Amino acid sequence: MENSTAEDDFSVFVLASDLGVDARPFLDSSQQNTIDLPETWHDCPSYFADEDFSDLEARDFFRLQGSDKSGNCIFRIVGKYFPAPVVDSERLKKYVFYKIYTELPEGPFGIVYMHTTVQKEDNSPGMTILRWIYEDLPAEIKDRLQVVYFLHPGLRSRLAFATLGRFFLSGNLYWKIKYVSRLQYLWDDMKKGEIEIPEFVKGHDDVLENRPLTDYGIEPDPLKLTEVPSMSLSLGRYDYEERWASR
């Protein structure tokens, strides 16, 4: 009986339980097939004829609108409009393919993703779900995707992509992400008015402009305590010290 081949290559992934990571994207193709048979629904646009996406269309979180200065058609994604708790990953995947196959014209395209005020529990499907959807796209569609404008990324998103992005996302997608911290920088790549900007996005952009430290995870001062005159605080401190000195 032959000894076990100890020299065989193998890989071990250790994932923290609190990340809520779906392990399927990290399995090799043979393992995936034993768990879940591959689907071919995205190869048949007629399959979508019986699907009702009216509820997702009403949310308006995923819309084809305008183009950038490089001539790329743009899909506008408003993260805050996506109802993550009530839309499962399979239906989201079908909706994304439906929009691509029924609305996207020939040629290159890009994505403007507005991360403004997104809450993980309410609006985020998760990085592994997004990777799963992207990896299932035909190679031709992946090649046509030229850029992802990531508006208002925030400190946590930047750190997540900097530390885990290359691991969770394929190399081609990782290098297509362009961080855009302010709307004014988005207009460097597309004409103002090409895509509709929700009012809450404009408002948040104004907050960031007036309080730039918010970009680094330091929240703005909603009670405006920083506007209290420093003179009154100083007088109060000296008055307190004088009373102690007189005792």
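This briefing describes the strands, the helix packing and one arginine of the structure shown above. The model is predicted, and its sheet is an open one of 5 strands in the order S1-S2-S3-S4-S5, with mixed pairing. The edge strands are S1 (62–67) and S5, each of which pairs on one side only. From one strand to the next, the twist averages 25 degrees.

**Strand pairing in the sheet**

- Strands S1 and S2 run antiparallel and are joined by 4 bridges, and one residue pair across them is serine 67 with its bridge partner in S2, cysteine 73.
- The hairpin of S1 and S2 has 5 residues between the strands, and in this hairpin glycine 71 takes a positive phi near 90 degrees.
- Strand S3, covering residues 109–114, pairs in the parallel sense with strand S4, covering residues 145–151, and this pairing extends over 6 bridges.
- Glycine 110 stands opposite valine 147, the latter being a residue of S4.

**Helix H3, the sheet and helix H5**

- Helix H3, which comprises residues 89–103, lies across S1 and strand S2 (73–78), and its direction is at about 35 degrees to S1.
- Helix H3 also packs with helix H5 (residues 127–135), at an angle of about 40 degrees and with the two axes 10 Å apart.
- Because an angle of about 40 degrees is neither under 35 degrees nor within the range of 65 to 115 degrees, H3 counts as oblique to H5.
- The crossing in which H3 passes H5 is right-handed.
- On the H3 side, the contact is made by Ser89, Glu90, Leu92, Lys93, Val96 and Phe97, while Ile129, Trp132 and Ile133 make it on the H5 side.

**Arginine 182**

- Arginine 182 is placed in the loop that lies between strand S5 (177–180) and helix H9 (183–186), and S5 is itself one of the edge strands of the sheet.
- The relative accessible area of arginine 182 is 7%, and because buried means under 20%, arginine 182 is classed as buried.
- The side chain of arginine 182 reaches the backbone oxygen of leucine 208, at 3.0 Å.

Conventions:
Residues are numbered from 1 along each chain as its sequence is written. This is a predicted model: local features need pLDDT of at least 70, side-chain atom pairs count only at pLDDT 80 or more; totals for chains, interfaces and linings use all residues. Side-chain values use heavy atoms; hydrogens and water are left out. Helices (H or I, at least four residues) and strands (E, at least two) are DSSP runs, numbered from the N terminus. Buried means under 20% relative accessible area, exposed over 50%, partly exposed in between (1.4 Å probe, protein chains only). A polar contact is a pair of N or O atoms within 3.5 Å; within protein, one must be able to donate a hydrogen and the other to accept it, and residues adjacent in sequence count only if both atoms are side-chain atoms. Two strands pair if DSSP finds at least two bridges between them. Axes are lines fitted to C-alpha atoms, for helices over the stretch in contact, and angles run from 0 to 180 degrees between N-to-C directions. Contact means heavy atoms within 4.5 Å. Angles under 35 degrees count as roughly parallel, over 145 as roughly antiparallel, 65 to 115 as roughly perpendicular and the rest as oblique. A crossing is left-handed if the near helix is turned anticlockwise from the far one by less than a right angle, and right-handed if clockwise.
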